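Hi,

Here is the structure I promised to pass on. Have a look at it first, and my notes on what turned up are underneath.

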Amino acid sequence: MTSNHRLVADLMTPDVITVRDDTTFKEIAGLLAEYGITAVPVVDDENRPTGVVSEADLLRREADLPGPGEGSHIRVARSDDGTASCVAKALMTAPPVTAQPQWDVVEAARVMERHHVKRLPVVDGAGRLVGIVSRADLLRVFLRQDHAIREEIAGDVLARTLDIPTTDVTVHVVDGEVTLTGTVPRRSVLPVVAGLCRGVDGVVDVSCHLAYRVDDTADPKPAVSGAEPREVR
């Protein structure tokens with residue numbers, strides 16, 4: 001069954017602030033403050049994300065620096081090979097957990113939850129960065145007004161998709177929780193109604209209190225020789 005949920009492509013921010021491997025701690029902190037963001041993807045020369053540097057990554061590095069009385073308070077430390085250890089390549093979390101534009105919000109939310117991240121760089125089929133989607137972007141879906149959810153279920157799901165008259169089923173929505181009461185034409189329609197309603201953006205839960213006119217899921221009894229076949233209701 002196809003989901004009605006909006007896609008990552010609809011919710012992501014397409015203009016992404018990025019950094020390179022050699023971008024310094026100070027430059028990254030400046031970008032986060034300037035643009036009011038909490039993380040930046042690190043990309044290579046082909047705009048493919050190689051990691052993500054977040055505020056948490058910067059704070060962890062800051063905590064590792066010597067405090068007053070513990071030596072000089074330096075912002076860029078040097079490793080044994082002479083390369084800067086306080087640049088994006090050393091600070092970032094890698095490899096990055098990414099999303100694809102065609103994912104729906106549920107799939108993106110599950111990946112965020114599974115990997116304990118707050119945002120996902122979005123990549124195309126070639127792995128190039130095309131946007132970024134945050135947890136806040138996904139949560140906006142569930143801030144829809146109840147009346148908008150009710151109108152979509154009654155008009156799009158029931159009337160137009162399933163050809164169920166709005167007079168047969170009442171749709172009640174409170175804080176995204178949907179309650180359906182009434183009668184549908186066939187028993188086999190019940191799971192379809194519930195599934196399509198759950199796919200509507202903003203729906204938190206669905207409770208069905210629906211009767212049916214015909215049980216089209218029951219196996220008809222085999223006909224007995226000489227007996228009239230009976231209609232299953």
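To start you off: does Arg-60 count as buried or partly exposed? With 49% relative accessibility, Arg-60 counts as partly exposed. Before I go on, keep in mind that this is a predicted model, so everything below is computed from it.

Arg-60 is a good way into the charged pairs. The whole structure holds 11 salt bridges, and I'll walk you through three of them, beginning with the one Arg-60 makes to Asp-57. The closest N and O atoms of that pair are 2.2 Å apart. Both residues belong to helix α3 (residues 55–64), and because they are three residues apart there, about one helical turn separates them. Asp-57 itself is buried, at a relative accessible area of 5%, whereas Arg-60 is partly exposed.

Next comes Glu-46, which forms a salt bridge with Arg-48. Here the closest N and O atoms are 1.9 Å apart. Glu-46 is partly exposed, with a relative accessible area of 49%, and Arg-48 is also partly exposed, at 25%.

The third pair is Asp-215 with Arg-187, with 3.0 Å between the closest N and O atoms. Asp-215 sits in the segment after β7 and Arg-187 in the loop between β6 and α8, so this salt bridge ties together parts that are 28 residues apart in sequence. Asp-215 is buried, with 10% relative accessible area, while Arg-187 is partly exposed at 35%. As a general reminder, side chains of opposite charge can pair when their charged atoms come close.

That last pair brings us to the strands. Strand β5 (residues 169–174) and strand β6 (residues 177–186) run antiparallel and are joined by six bridges. If you want a spot to click on, Val-169 is opposite Gly-182 in β6. The two strands make a hairpin with two residues between them. In that turn, Asp-175 has a positive phi of about 55°.

On to the next pairing: β6 and strand β7 (residues 205–214) are parallel, with nine bridges. One of the matches there is Val-178 with its bridge partner Val-206 in β7. To get from β6 to β7 the chain passes through helix α8 (residues 189–198), and this β-α-β crossover is right-handed. When you look at the side chains, remember that in a regular strand they alternate between the two faces of the sheet.

You will probably want to know about the cysteines. How many disulfides does a search of the whole structure find? Zero. Cys-197 is in no disulfide, and its nearest cysteine sulfur, that of Cys-208, is 6.5 Å away. A disulfide here needs the two sulfur atoms within 2.5 Å, so that pair doesn't qualify. Cys-208 is in no disulfide either. As for how covered they are, Cys-197 is buried, at 0% relative accessibility, and Cys-208 is partly exposed, at 34%.

One last thing, on the surface. Leu-139, Phe-142 and Val-204 make a nonpolar patch of about 280 Å². Of these, Leu-139 is placed in helix α6 (residues 135–139).

Shout if you'd like to go through any of it together.

Cheers

Notes
Residues are numbered from 1 along each chain as its sequence is written. This is a predicted model: local features need pLDDT of at least 70, side-chain atom pairs count only at pLDDT 80 or more; totals for chains, interfaces and linings use all residues. Side-chain values use heavy atoms; hydrogens and water are left out. Patches are made of residues with over 30% relative accessible area and no salt bridge: like charges are joined within 9 Å, nonpolar side chains (Val, Leu, Ile, Met, Phe, Trp, Tyr) within 5 Å. Accessible areas come from the Shrake-Rupley method with a 1.4 Å probe; for residues, only the protein chains shown count as cover. A salt bridge is a side-chain nitrogen of Lys or Arg within 4 Å of a carboxyl oxygen of Asp or Glu. Helices (H or I, at least four residues) and strands (E, at least two) are DSSP runs, numbered from the N terminus. Two strands pair if DSSP finds at least two bridges between them. A crossover is right-handed if, with the strands pointing away from the viewer, the path from the first strand over the helix to the second runs clockwise. Buried means under 20% relative accessible area, exposed over 50%, partly exposed in between (1.4 Å probe, protein chains only).
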